[in-house]
Structure formats: C-alpha cells, structure tokens
Amino acid sequence: MSRLLVFGMGYVASALAARLRTDGWRVVGTTRDGRGETVRFDDRDAVAAEMAAATHVLSSVPPEGEDDPVLAAYDVRARWVGYLSSTGVYGDTGGAWVDESAPTGGGRRKARAAADAAWLARGAHVFRLPGIYGPGRSPLDKVRDGAAHRVDTGGVFSRVHVDDIVACVIAAFDAPAGAYNLSDDLPCSQNAVVEYAAELLGIAPPPFVPVDSLSPMARGFHAENRRVANLKAKRVLGWRPAYPDYRFGLRALSAMTSPTPASAAPAPASSDQR
C-alpha cells in the first residue's frame, strides 16, 4: 500500500489526502496540536514511525523566522519527497513572465526562497504556487462576505485552483524531481477576478481602497507584479489545468454553491431520451 506522510495538514494537503484516500492510499498528516486524527508535529517518535512507513512525504509547512521547521526537526527520507513552495520566491518582476529558470531570493520571501532551495538540494519535487483558491476559499466567498476590495495598482498576478494542484502533485509521483510552477493560463489583475465574482453573485463589485489602508501582508502582495509560466509542468508531467483561467474556476465554484431549484425538472417524454 502506498503511504503518504504530510507535514502540515492544511487546505491543499487536506484536498490531496481526500483524493488519495479514495484511491486506497493511507495518508497521515501532522498538525501543531495533533487535532483530529493527525500526529502532533513535535511527537518525534510518532513522526519517525510514520516516516519510516511512508513511501511518499510532502511538506506544506512554511518557514518560521529564518528556518524551515520540518528540515530543522527531521531528516526527511522517502521514495518520493515533495514541498509546497510559493511563486513569491521570484519577487517582483514588473509584470514579466517567470519560469523555473528565473532567479529566486528576491523581494520579501527570502526565508521561503531559502527553504525552497534546501528542499531542492534534498532531491524534492518543489511546487511553486501562486494565489490558491477553491471550495470555501475563493473570491466568491470574500465578495459574498463583504471582505473583498479592489485596489488600483495595475498589478498582474497568477492563481491556481486547489484541484489543479492536487492533480499536478499526483502526476509528479512518477516524474523527475525539481521545481515546478503551478498556475493557470491567464495571469490578470486581482480586480478583474473580484469583479467577475461579483457578477456571478449578482451584486455590485466592492469599492476601491487605497493601498495604504491594507494590512502589511496585503501591501506586500500588491507590491509584486509577475506572470507565472506553467509550461514545464505541462511538458514534463503531462499536466493540464482543469481550470485554465479564473472564469472557469469561479463558474464551477458558483455552480457548486448555487441554491437547488424549488421545483423538480419535468420527467423525460420517453425512456429513450439521452
């Protein structure tokens, strides 16, 4: 039986675990407090036992300070090793395209870039992710909850649906190690995404706000401007995003959460209708 140990059972890792369990995998994840059926991250004996049994290991744990908590605590070894990184390692490119050959370490993500490099040095599959969205975590939710806004900065950003990340990680189980950018095919402004989400919900788009009014994290996000190329993942892994741009993804999410019609559809005229 294939076994996956996940360090950091977060949003993406939980979606991956759910998919793999339907295929008969045994998946165990860590959390800080060992909640649910997870293992507490600092329970060294339990983690060591799970790692010894694992065929695959994936870390989704971000850096803390200057260190990667997983590499600082454990000697990670398995037949397959993966790490969920960030396209923030490329820094600001002024809207230019970046692929996996672009330099890393610029901008505000120096610790993330160092962790990215450390996992690559260990022979890991490193997945560099832009903005992630999916069920329960999308512009639709933010617009509906009144938490969305528009910012007149002119920045262009990439994003990726969580299901496409899951599909790509699985495709990489039998592929060469290295860095892979995962993104959809249409980088665009965040304003365009928010406006489309509002259109799907049938409400007015949220107002513009000044950049200075945002949190430090949000200001850092809007200070960077880049387009992420995904051609390596397509070429090497044979991966294609099921949601090639935000419109496909948001329409699918909108359909998932649309209210059920009050009346049932009429019965077909004959049993031969398809």
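## Contacts and overall form

In this predicted model, 77% of the contacts in the protein with a separation of 6 or more are between residues 24 or more positions apart. The secondary structure comprises 10 helices and 11 strands. The radius of gyration is 20 Å, close to the 19 Å from the globule rule for 274 residues, so the protein is as compact as a globular protein of that length. Along the principal axes, the C-alpha trace spans about 60 × 55 × 40 Å.

## Surface, burial and charge

Buried residues make up 46% of the 274 in the protein. The exposed area is about 13600 Å², and 52% of that area is supplied by carbon and sulfur atoms. There are 31 positive and 30 negative charges, and their mean positions lie 2 Å apart.

## The parallel sheet

Seven strands make up an open sheet with parallel pairing, in the order 3-2-1-4-5-7-10. Its edges are strand 3 (39–40) and strand 10 (178–181), each of which pairs on one side only. In general, the strands of a sheet pair through backbone hydrogen bonds, in either a parallel or an antiparallel sense.

Strand 1 (residues 3–7) is joined to strand 2 by five bridges, and the two run parallel. Within this pair, Leu 5 is opposite Val 28 of strand 2, and Phe 7 is opposite Thr 30 of strand 2. Strand 1 also pairs with strand 4 in the parallel sense, over four bridges; here Val 6 faces Leu 58 of strand 4. Strand 4 (residues 56–59) in turn runs parallel to strand 5 (residues 80–86), with four bridges between them. Ser 59 has Tyr 83 of strand 5 as its bridge partner.

## Cover over the strands

Strands 1, 2 and 4 can be taken in turn. Four of the five residues of strand 1 are buried, leaving this strand mostly covered. Strand 2 (residues 26–31) is likewise mostly covered, with five of its six residues buried.

Strand 4 is covered on both faces. His 56 and Leu 58 are buried on one side, and Val 57 and Ser 59 are buried on the other. Two of these residues also appear in the strand pairings: Leu 58 stands opposite Val 6, and Ser 59 is bridged to Tyr 83.

## Glu 50 in helix 2

Glu 50 belongs to helix 2 (residues 44–53). With a relative accessible area of 18%, Glu 50 falls under the 20% cut-off and therefore counts as buried. Setting aside residues up to four places away in sequence, Glu 50 touches Leu 5, Arg 26, Val 28 and Val 39. Among these contacts, Leu 5 and Val 28 stand opposite each other in the pairing of strand 1 with strand 2.

## Helix 6 and its surroundings

In helix 6 (residues 162–171), the buried residues are Val 162, Asp 164, Ile 165, Val 166, Cys 168 and Val 169. Their cover includes the helices 1 (11–22) and 9 (231–237). It also includes strand 5, strand 7 (125–129), strand 8 (131–133) and strand 9 (159–161). Strands 5 and 7 are members of the open sheet.

## Two loop residues

Arg 226 lies in the loop between helix 8 (216–223) and strand 11 (227–228). Its relative accessibility is 11%, so Arg 226 counts as buried. Apart from neighbours within four places in sequence, Arg 226 is in contact with Thr 87, Gly 88, Tyr 90, Gly 91, Asp 92, Thr 93, Gly 95, Ala 96 and Val 98, and also with Val 156, Phe 157 and Ser 158. The C-alpha atoms of Arg 226 and Cys 188 are separated by 9.4 Å, with the two residues 38 apart along the chain.

Ser 215 is in the loop between helix 7 (190–201) and helix 8. At 39% relative accessibility, Ser 215 is partly exposed. Ser 215 and Ala 204 are 11 residues apart in sequence, and the C-alpha to C-alpha distance between them is 24 Å.

Key
Residues are numbered from 1 along each chain as its sequence is written. This is a predicted model: local features need pLDDT of at least 70, side-chain atom pairs count only at pLDDT 80 or more; totals for chains, interfaces and linings use all residues. Side-chain values use heavy atoms; hydrogens and water are left out. The radius of gyration is taken over C-alpha atoms; the globule rule is 2.2 Å times the number of residues to the power 0.38. Buried means under 20% relative accessible area, exposed over 50%, partly exposed in between (1.4 Å probe, protein chains only). Contact means heavy atoms within 4.5 Å. Accessible areas come from the Shrake-Rupley method with a 1.4 Å probe; for residues, only the protein chains shown count as cover. Lys and Arg count as positive and Asp and Glu as negative; His and the chain ends are not counted. The place of a charge is taken as NZ of Lys, CZ of Arg, CG of Asp or CD of Glu. Two strands pair if DSSP finds at least two bridges between them.
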